[in-house]
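Trainee: Could you walk me through how the labels on a model like this are earned?
Mentor: Gladly; let's take a look and reason from the values.

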Amino acid sequence: MTREEIKIRNLDTLADYQKKLRKEPILKQLFLELTLKCNEHCFHCGSSCGGNLPDGLPVEKYKSLLDEVKENFGTKALIAVTGGEPLLYPDFFELMEYTQELGFKWGMTSNGTLITKEVAHHLKEAGMKSISLSIDGLPETHDRYRGLKDAYKLGMEGIQNLIDEDCFNIMVTTVVNHENIDELDALFDVFDGMDINEWRLTGIEPIGRAEKVPDMLLSADDNRRIMEFIKEKREKRIPVTYSCTHFLGLEYEAEVRDWYFLCNAGIYVAGILVNGDVTACIDIPRNEKTIQGNINSESFTKLWKERFEIYRTPLSERNEKCAACPEAKWCRGDAYHSWDYENEKPKVCFKGVLF
Ligand SMILES: C[S@@+](CC[C@H](N)C(=O)[O-])C[C@H]1O[C@@H](n2cnc3c(N)ncnc32)[C@H](O)[C@@H]1O
Ligand code: SF4
Ligand code: SF4
């Protein structure tokens, strides 16, 4: 069997499995957007965070949500806290200690700048298992993108403080754009020398503030360059991976990451936004089609079990071009965060770009 035939067989199997999952979803990851506050102000921020924006729900509300999740789903789901900068949530450690006490595993995405030695140790005590830290370029570039002097220095110190605790799964995430793509080789040299578990590259998505900077979005050539870069580097010591998003076609599926594309939104993943709105994944645009209810007035369990219909029907069925596309059975209209809900079409489609 050729490599291509193996991929087709695996993708077909996954397509069948996904049909089953849409009927019987499994809650594997629950995101909590703890705050929109941030000490950085990234030009590309998909959730338009920064400054003194609101915090999430009172800590007691999150605790009762976790009690409910434990009662109805057990403790198998990973609780993933994000923001904004999650460490700015006032009751951060109280909540995470409670999460641990209940028996959940938890992880976090962070810009790393607030992770002093003491904070790293406290994260260990509170039972954090995994963390994604953002580094988007060499020092000058990273600081400029993130609107914070010394963001790179502080972020890298944060990573080192976590490494020193020697107990977390550490992933560094770099959002690649049309400009910093030229720094990938230099960044590889930086991360290859560090004791991290994974370096994950993801393309800048046309969401939030990034929609206002079209010149920084990736061209077709840029996307191909990223895929070729990852393919080449994956042979080396540090595991470089493309993120979970987008159907990449037969040439790159299972080559730049260890799995085949499956948008997890609403079949494995749910998210609670700062105001209690319930969605599938935090990066998904917030509108009446994507928000399924609010935990201040409805039970999360009921929403997960009885709503979420949009996430359990392929997006490709909402657009004629996708419905007629030969790749639709594998791509299914691509990712929920990059769907244009107003015009019912994908904002990102790699067909004709990568394959
Ligand atoms: C919204 S941030 C929240 C956590 C934390 N403040 C941080 O920067 O890591 C989560 C992740 O989304 C990434 N991100 C933000 N805007 C993005 C965009 N337009 N496209 C792709 N990734 C983006 C960030 O760089 C970060 O890795
Ligand atoms: S990407 Fe993260 S660090 Fe940057 S502004 Fe958004 S929430 Fe803050
Ligand atoms: S046309 Fe639609 S279904 Fe086909 S590859 Fe593009 S996003 Fe996916």
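**From values to labels**

Mentor: Let's start with Asp-166, which is exposed, with a relative accessible area of 64%. Bear in mind that this is a predicted model.

Trainee: Why is Asp-166 called exposed?
Mentor: Exposed means over 50% relative accessible area. Asp-166 has 64%, so the label fits. Asp-166 sits in the loop between helix H6 (151–165) and S5.

Trainee: What is notable about phi of Asp-166?
Mentor: Phi there is near 55°, a positive value in a residue other than glycine. Most residues other than glycine have a negative phi.

Trainee: Which other residue has a positive phi although it is not a glycine?
Mentor: Asp-334 does, with a value of about 70°. Asp-334 belongs to the loop between helix H12 (328–331) and strand S11 (339–340).

Trainee: And how do you know whether Asp-334 is buried or exposed?
Mentor: Buried means under 20% relative accessible area. The value for Asp-334 is 4%, so Asp-334 counts as buried.

Trainee: Where else does Asp-334 turn up?
Mentor: In the lining of the largest cavity, together with Gln-18, Arg-22, Phe-261, Cys-263, Cys-331, Arg-332 and Tyr-336. That cavity has a volume of about 40 Å³. The structure holds one cavity of 30 Å³ or more.

Trainee: What makes it a cavity and not a pocket?
Mentor: In a cavity, a 1.4 Å probe fits but cannot get out, whereas a pocket is an open set of points.

Trainee: How do the lining residues of the largest cavity divide by class?
Mentor: Four are nonpolar, one is polar and three are charged. Tyr and Cys count as nonpolar, so Tyr-336, Cys-263 and Cys-331 go into that class.

Trainee: Gln-18 was in that lining. Why is Gln-18 called buried?
Mentor: Its relative accessible area is 4%, and buried means under 20%, so the label holds. Gln-18 lies in helix H1 (residues 3–23). From Gln-18 to Arg-209 the separation is 191 residues in sequence and 32 Å in space, C-alpha to C-alpha.

Trainee: Arg-209 makes me think of the ligands. Which residues surround ligand 2?
Mentor: Arg-209 is one of them, along with Cys-38, Glu-40, Cys-42, Cys-45, Cys-49, Gly-84, Asn-111 and Arg-146. By class, this shell has four nonpolar, two polar and three charged residues.

Trainee: And what surrounds ligand 3?
Mentor: Cys-322, Cys-325, Ala-328, Cys-331, Gly-333, Pro-346, Cys-349 and Lys-351 do. Six of these residues are nonpolar, one is polar and one is charged. Cys-331 is also in the lining of the largest cavity.

Trainee: How many residues surround ligand 1?
Mentor: There are 20, and the closest are His-44, Gly-46, Gly-84, Ser-134 and Glu-205. The shell has five nonpolar, 12 polar and three charged residues. Strand S3 (106–110) and strand S5 (169–176) each supply at least two residues of it.

Trainee: What makes the pair between Glu-205 and ligand 1 a polar contact?
Mentor: A polar contact is a pair of N or O atoms within 3.5 Å. A backbone N or O atom of Glu-205 lies 2.9 Å from a nitrogen atom of the ligand, so the pair qualifies. An oxygen atom of ligand 1 is 3.2 Å from a polar backbone atom of Ser-110. For Glu-85, a polar side-chain atom lies 3.5 Å from a nitrogen atom of ligand 1. The protein covers 90% of the 540 Å² of accessible area that ligand 1 has on its own.

Trainee: What does the side chain of Glu-33 contact?
Mentor: A polar atom of that side chain lies 2.9 Å from the backbone nitrogen of Val-274. Glu-33 is in strand S1 (residues 29–33).

Trainee: Why is Glu-33 called buried?
Mentor: Its relative accessible area is 0%, and the cut-off is under 20%, so Glu-33 is buried.

Trainee: How do you know which label Asn-161 gets?
Mentor: At 11% relative accessible area, Asn-161 is under 20% and therefore buried. Asn-161 is found in helix H6. Its C-alpha atom is separated by 6.0 Å from that of Ala-120, 41 residues apart along the chain.

Trainee: And what makes Asp-340 buried?
Mentor: Its relative accessibility is 14%, again under 20%, so Asp-340 counts as buried. Asp-340 lies in strand S11.

How values were computed: Residues are numbered from 1 along each chain as its sequence is written. Chains are lettered from A and ligands numbered from 1 in the order in which they are written. This is a predicted model: local features need pLDDT of at least 70, side-chain atom pairs count only at pLDDT 80 or more; totals for chains, interfaces and linings use all residues. Side-chain values use heavy atoms; hydrogens and water are left out. On a 1 Å grid over the protein atoms alone, a cavity is a set of points where a 1.4 Å probe fits but cannot get out, and a pocket is an open set with protein on both sides within 12 Å along at least five of seven lines; lining residues have an atom within 4 Å of a point. Grid points are joined across faces, edges and corners, and a volume is the space filled by probe spheres set on the points. A residue is near a molecule or strand if one of its heavy atoms lies within 4 Å of it. A polar contact is a pair of N or O atoms within 3.5 Å; within protein, one must be able to donate a hydrogen and the other to accept it, and residues adjacent in sequence count only if both atoms are side-chain atoms. Accessible areas come from the Shrake-Rupley method with a 1.4 Å probe; for residues, only the protein chains shown count as cover. Helices (H or I, at least four residues) and strands (E, at least two) are DSSP runs, numbered from the N terminus. Buried means under 20% relative accessible area, exposed over 50%, partly exposed in between (1.4 Å probe, protein chains only).
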